[in-house]
Amino acid sequence: MIIRRIISVLLFCCSLLCFGLGGRQNVALAGKRADYGFGFSVNLINASPIMVFSTVVLGGFRGLIADVLWLRVSYMQEKGEYFEMVQLSNWITKLEPGSTEVWAYHAWNMAYNISVMMSDPADGWRWIKNGISLLRDEGLVYNPDDPALYRELGWLYQNKIGRATGASGIYYKQMFAKEMKGLLGGATLDYAGLGAEIEDKMRDEYKLLPEIMLEIDVRYGPLDWLRPESHAVYWAYRGKLRAGEKGARFCDIMIRQSLSMLGIDIQEK
Amino acid sequence: MTKIAAIALLAFKTAVRSKLFVSLMVVLAITVIGLPLTAKGDGTLAGDITILLQYTLGLAAIILGSVVLWSACGTIAHDIQEKQIQLIVTKPVHRYQIWLGKWFGLLLMSAILLSFVGVTVYALLCWRIKNSHADDIERTGVYSEILVGRKSITSLSESFDDEIHQRMDWLVENDRIPEDMPYQEIYTKTKRRVLSEKSTVAPGQSKRWVFKPFSCGDSNVSVYLRFHLVSAGMDRKTVSGVWLVGTEQKPDIFRSTMDKCRAGSHSILVPASAIPAGIPTVVTFINDAGEQAATAMFDIDDGLKLLVRWSGFKMNFLRAIVVIFFYMGLLSAFGLTASAVFSFPVAVFASYAAVVMLFIARFVVLTNQPIHTCSRCLELGYKVSEVQIAMHKVINGVEYFISSLTGYDPVPLMVNGMVVSWEFTGKALFLLFILYPFSLGVIGVYLLKKRELALPII
């Protein structure tokens, strides 16, 4: 009986020791994960309870689940079945919310790869909007300080819509201009006369902040806000505001390129 | 029969009393109602409906199946552990009556829960369609392509074996094959190459597919011609051409122009009047000629199909729910048999491990390559050992067994607007609800008979 008790106490002490050692290792590992930008040690801003659940409770299994979902994305895409793509992309990005590459890949996949598979330009336009929505409405909400995501979003406006050619390209530009005209009323903005309802819609639905748009108009414009290149300037400008020295460079390049496409001479500004 | 009914009722009452039934109903309600509200489609009504059917029914079946297996594992094992079984076995009740009673009890629980899932999903589906902002064209598309039970008629397959062997002869004679390359690999690759060539239509050329005679039933019924174009690498050129549907004598009863079609699955609506009754239907594709024209490549694995409306959605949905119920019956039988021989934790572990292994084995058997023992391969110097042949037969057997268990998932069929036919339901009934549960029942009853149910307590 006594021997059993001694063994129990010893085992208890051993488990405590293991916990202690594990805890010490965990601090170092968490630091390394944060350094490399991996995993759940990344501090998520604006994270919903479900997001916290998926990142903390699932722990290392998130990667496995994301892999399975990613395989399904590839399989469905190969079969030409796109119904689930938005949901699967949403889940994958939620499982890896701190990874810029994952957000960028899925937005690009929808806006570029899937949209070109559509025979009807209206369907293609819907997929471009799905890609934009993934970055703008979710990726940037969870990673508001990541300039690379702003650049990726700006690229969709600059390249996918702005530089699209052929009948689909014309359709995308027309649809974009129509949507923006419905929202803003015209190519240039009357900032003083913006109604509360429009301003709320701009902020909540399109994530367009009038104060930033005014800043851009004063600095480079006035810009034609019915053109996608102006929106590329807007997102690159917002990325630049969040970026350090290194991140600002590619946002600067995007601003220059987009202004050039709008026919604005950057040297004069 | 009264004894079985009494035990079944007792098993059901125990499940209800243990709050399992109510908790499961709450979980299922959250899943079935909550998931479609949070899941995102691709922005179309068809996408929403597909997600609703696939995710809710699929997830509800997984949850229900897991819990049914869990409950079944505990049913007899708990009775033995808590010695309640002694009250039953001391009465004039045969062991098979105990097993059957428990099984029917679990089936009753599954039936009620599955009915709840079915009614809720159907109600949600109606609500989603009613409240959708989709236009009439989109709604019509949903009703004719998803909310329907269509039968798929594939074209008559042609045999290219002679051509494959001729090609292989040429490759061997010209030393184009590495010496260490196995025969199966050469055959498979050559076959795919030949099939790819046969599925390709160059600009200005045409290709014909012949379908065996079938009836559309009603002259107002629409038939869909479905084809899958594949893209040649990075070249995403569009394909234009003309589709003709008719007979050998009159191949152009119906004509449809295809303009700038991209890679992917496409459907063309064909009037039933273009489908001849009693004679083979011939479908022809004529690729556009000219400098801008591109080669059309049809998917060799997903061939050309004619989709004919076979039943309405309500009956299709009902049959799908019934097939899911058969799966619950199989899982209950499996869990009960495990609980007849093991204690509860061991039964749970063994049952879940078996189910997981079954799903993993599905992927393992995919690697099974066909073995060729023809005289031609012997002439070419490729020999297959007896062991290889025996192993191949074993894997084939395993593959058949696995497909007989997992090949009756009705959800993918329903989501693609394909019919869950009476034949399919009947086969599922025989295999999943009669043959396998009966076999498991026999084993379970035998083991229960052999098991010591009242061990002396020291």
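**Entry 1: β3 and β8 of chain B**

I began with β3(B) and β8(B), which pair in the antiparallel sense over six bridges. The model I am reading is a predicted one. To pin down the register, I looked up Val210(B) and found that its bridge partner in β8(B) is Val282(B).

Next I turned to the other partner I had in mind for β8(B). Strand β5(B), residues 239-246, also pairs with β8(B) in the antiparallel sense, over six bridges. Here the register can be read from Val242(B), whose bridge partner in β8(B) is Ile286(B).

Is β8(B) mostly covered or mostly open? I found it mostly covered: of the seven residues in this strand (281-287), five are buried.

**Entry 2: one lysine in β3**

I picked out Lys207(B), which sits in β3(B), the strand of residues 206-211. How exposed is Lys207(B)? I counted 18 other C-beta atoms within 10 Å, so Lys207(B) is partly exposed; the buried class would need 20 or more.

Setting aside neighbours within four places in sequence, I noted Val201(B) and Phe285(B) as the contacts of Lys207(B). I also checked Lys207(B) against Thr154(B): they are 53 residues apart in sequence, and their C-alpha atoms are 15 Å apart in space.

**Entry 3: the four-stranded sheet**

My next stop in chain B was an open sheet of four strands, in the order β1-β10-β4-β7, with antiparallel pairing. Which strands stand at its edges? They are β1(B), residues 149-154, and β7(B), residues 264-271; each has a single partner strand, so one side of each lacks a neighbour in the sheet. From one strand to the next, the twist averages 30°.

I then followed the pairing of β7(B) with β4(B), residues 222-229, and it runs antiparallel over eight bridges. For a handy register mark I wrote down His228(B), which has Ser265(B) as its bridge partner in β7(B).

**Entry 4: chain B as a whole**

Stepping back, I listed 14 helices and 10 strands for chain B. Its C-alpha atoms fill a box of roughly 90 × 65 × 40 Å along the principal axes. Of its 458 residues, 31% count as buried. I also looked at how far along the chain its contacts reach: among those between residues at least 6 apart in sequence, 85% join residues at least 24 apart.

**Entry 5: where the chains touch**

The contact between the two chains takes 13 residues from chain A and 17 residues from chain B. On the chain A side, the elements giving two or more residues are α4(A), residues 85-95, and α6(A), residues 121-142. Of these, α4(A) gives the most, with four residues. I sorted the chain A side by class and got six nonpolar, five polar and two charged residues.

**Entry 6: α6 and α7 of chain A**

Since α6(A) had come up, I looked at its packing with α7(A), residues 147-161. The two helices pack at an angle of about 160°, with their axes 10 Å apart. They are therefore roughly antiparallel to each other, and their crossing is left-handed.

Which residues meet here? From α6(A) I noted, among them, Ile128(A), Ile132(A), Leu135(A) and Arg136(A), and from α7(A), among others, Leu149(A), Glu152(A), Leu153(A) and Lys160(A). By class, this contact has eight nonpolar, two polar and three charged residues.

Terms used:
Residues numbered from 1 in each chain as written. Chains lettered and ligands numbered in written order. Predicted model: local features only at pLDDT ≥ 70, side-chain atom pairs only at ≥ 80, totals over all residues. Buried ≥ 20, exposed ≤ 12 C-beta atoms within 10 Å, placed from the backbone. Contact = placed C-beta atoms within 7 Å. Nonpolar A, V, L, I, M, F, W, Y, C, P; charged D, E, K, R; others polar. Axes fitted to C-alpha atoms, helices over the stretch in contact; angles between N-to-C directions. Parallel < 35°, antiparallel > 145°, perpendicular 65-115°, else oblique. Left-handed = near helix turned anticlockwise from the far one by under 90°. Pairing = 2+ DSSP bridges.
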